[in-house]
Amino acid sequence: MKYVSAVRSAVLIKEFKTVLLGSKKWVGRRKEACPLLKGEEPRWASLYSTLVLRPAWDISWRLLHGAVSMGVFLVRFTPIPDTCPFCGMRETLEHIYLECTRLQPLFWLLTNILLIFWLHFSPHLLIYALPVRGPTKSRDLLVNLLLALAKVAIYKTRVRRLADGVSCNCGAYFRSSVHSRLRAEFLWAASTDSLDTFEEQWALSGVLCSLSPSGSLHLTF
Ligand SMILES: [Zn+2]
């Protein structure tokens with residue numbers, strides 16, 4: 001029994017060291033691939049804004065620091081291969097969140113939505129989020145929520161694939177998450193007689209949804 005727990009401890013220590021080592025390498029590569037602009041700092045207030053829920057905070061933090069288990073590290077001490085479970089390429093952190101071909105439908109969706117908000121979608125925006133500014137605060141909060149839900153969609157579909165082998169479309173998962181959130185916010189607003197506030201925040205420019213004159217919800221994407 002003591003032997004088993006000693007082995008487990010050794011594996012945990014090794015995993016911790018490997019993740020830390022990988023984190024340093026990733027942080028270096030992240031700065032190369034998505035350098036911060038002049039005078040720019042990671043936008044913690046944007047990543048942790050009021051509309052974004054806690055699981056997305058954790059994923060954003062882990063992504064910035066490289067604290068994510070991935071094939072190239074797991075292969076060293078588990079039976080999990082170092083290849084991407086979706087496309088068979090070598091699975092690095094950049095591959096999981098930025099490069100895998102399975103992400104294309106999701107990135108097209110984000111590109112199209114952000115264009116309507118007069119914004120350009122980029123890996124930089126996905127990782128660092130959008131600064132929240134006074135005059136465009138409602139739009140900026142909404143866009144940061146979408147970016148956060150996109151990261152959750154990438155994370156959840158990968159976990160599901162590793163656990164069950166199920167192939168879940170990342171773009172469809174993202175769309176479904178946004179729809180669920182909109183419906184939940186609408187029902188809450190309807191029950192608290194605050195549909196005007198809902199419309200200001202969530203039906204902005206009719207990009208994600210709109211309200212009919214009778215007050216019913218119409219999803220527009
Ligand atoms: Zn892949």
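Where is Asp193 found? In this predicted model, Asp193 is found in the loop between α9 and α10. With 8 C-beta neighbours inside 10 Å, Asp193 counts as exposed, and its phi is near 55 degrees, a positive value in a residue other than glycine. A second residue of this kind is Ser205, where phi is likewise near 55 degrees and thus positive in a residue other than glycine. Ser205 lies in the loop between α10 and β1, the latter spanning residues 209-211, and counts as partly exposed because it has 13 C-beta neighbours inside 10 Å. As background to both cases, most residues other than glycine have a negative phi.

The protein chain as a whole has 10 helices and 2 strands, and from the N terminus on its elements run α-α-α-α-α-α-α-α-α-α-β-β. Buried residues make up 27% of the 221 residues in the protein chain. Among contacts between residues at least 6 apart in sequence, 56% join residues at least 24 apart. The pLDDT averages 79 over the protein chain, with 72% of the residues scoring at least 70. Over residues 1-22, however, the pLDDT is below 50, and this stretch has 10 contacts in the model beyond near neighbours in sequence.

The loop that holds Asp193 joins two helices that pack against each other. Helix α9, covering residues 170-191, and helix α10, covering residues 195-202, pack at an angle of about 155 degrees, and their axes are 8 Å apart. Because angles over 145 degrees count as roughly antiparallel, α9 is roughly antiparallel to α10. In this contact, Leu182, Glu185, Phe186, Ala189 and Ala190 of α9 meet Leu195, Thr197, Phe198 and Trp202 of α10. The residues of the contact divide into 7 nonpolar, 1 polar and 1 charged.

A further helix pair is formed by α6 and α8, which pack at an angle of about 175 degrees with their axes 11 Å apart, and that angle makes α6 roughly antiparallel to α8. Here Leu106, Leu110, Ile113 and Leu114 in α6 meet Val143, Leu146, Ala150 and Ala153 in α8. The residues of the contact of α6 with α8 divide into 8 nonpolar, with no polar and no charged residues.

Several residues of the α6 and α8 contact recur in the description of the nonpolar core. The largest nonpolar core has 39 residues, and those with the most contacts inside it are Leu106, Leu146, Leu149, Ala150, Ala153 and Phe174. At least two residues of this core are supplied by each of α3 (54-65), α5 (93-99), α6 (104-116), α7 (123-128), α8 (137-164), α9 and α10. The element that gives the most to this core is α8, with 11 residues. Leu149, for its part, touches Ala56, Phe174, Ser177 and Val178, when residues up to four places away in sequence are not counted.

Burial can also be followed at a single position, Ile127, which lies in helix α7. Ile127 is buried, because 20 other C-beta atoms lie within 10 Å, and a residue counts as buried if that number is 20 or more. The C-alpha atoms of Ile127 and Leu98 are separated by 9.4 Å, although the two residues are 29 residues apart along the chain.

Note on methods. Residues are numbered from 1 along each chain as its sequence is written. This is a predicted model: local features need pLDDT of at least 70, side-chain atom pairs count only at pLDDT 80 or more; totals for chains, interfaces and linings use all residues. Axes are lines fitted to C-alpha atoms, for helices over the stretch in contact, and angles run from 0 to 180 degrees between N-to-C directions. Helices (H or I, at least four residues) and strands (E, at least two) are DSSP runs, numbered from the N terminus. Angles under 35 degrees count as roughly parallel, over 145 as roughly antiparallel, 65 to 115 as roughly perpendicular and the rest as oblique. Two residues are in contact if their C-beta atoms, placed from the backbone, lie within 7 Å. Ala, Val, Leu, Ile, Met, Phe, Trp, Tyr, Cys and Pro count as nonpolar, Asp, Glu, Lys and Arg as charged, and the others, Gly among them, as polar. A nonpolar core is a set of buried Ala, Val, Leu, Ile, Met, Phe, Trp, Tyr and Cys residues joined through C-beta atoms within 7 Å. A residue is buried if 20 or more other C-beta atoms lie within 10 Å of its own, exposed if 12 or fewer, and partly exposed in between; C-beta atoms are placed from the backbone. pLDDT is the predictor's confidence in each residue, from 0 to 100.
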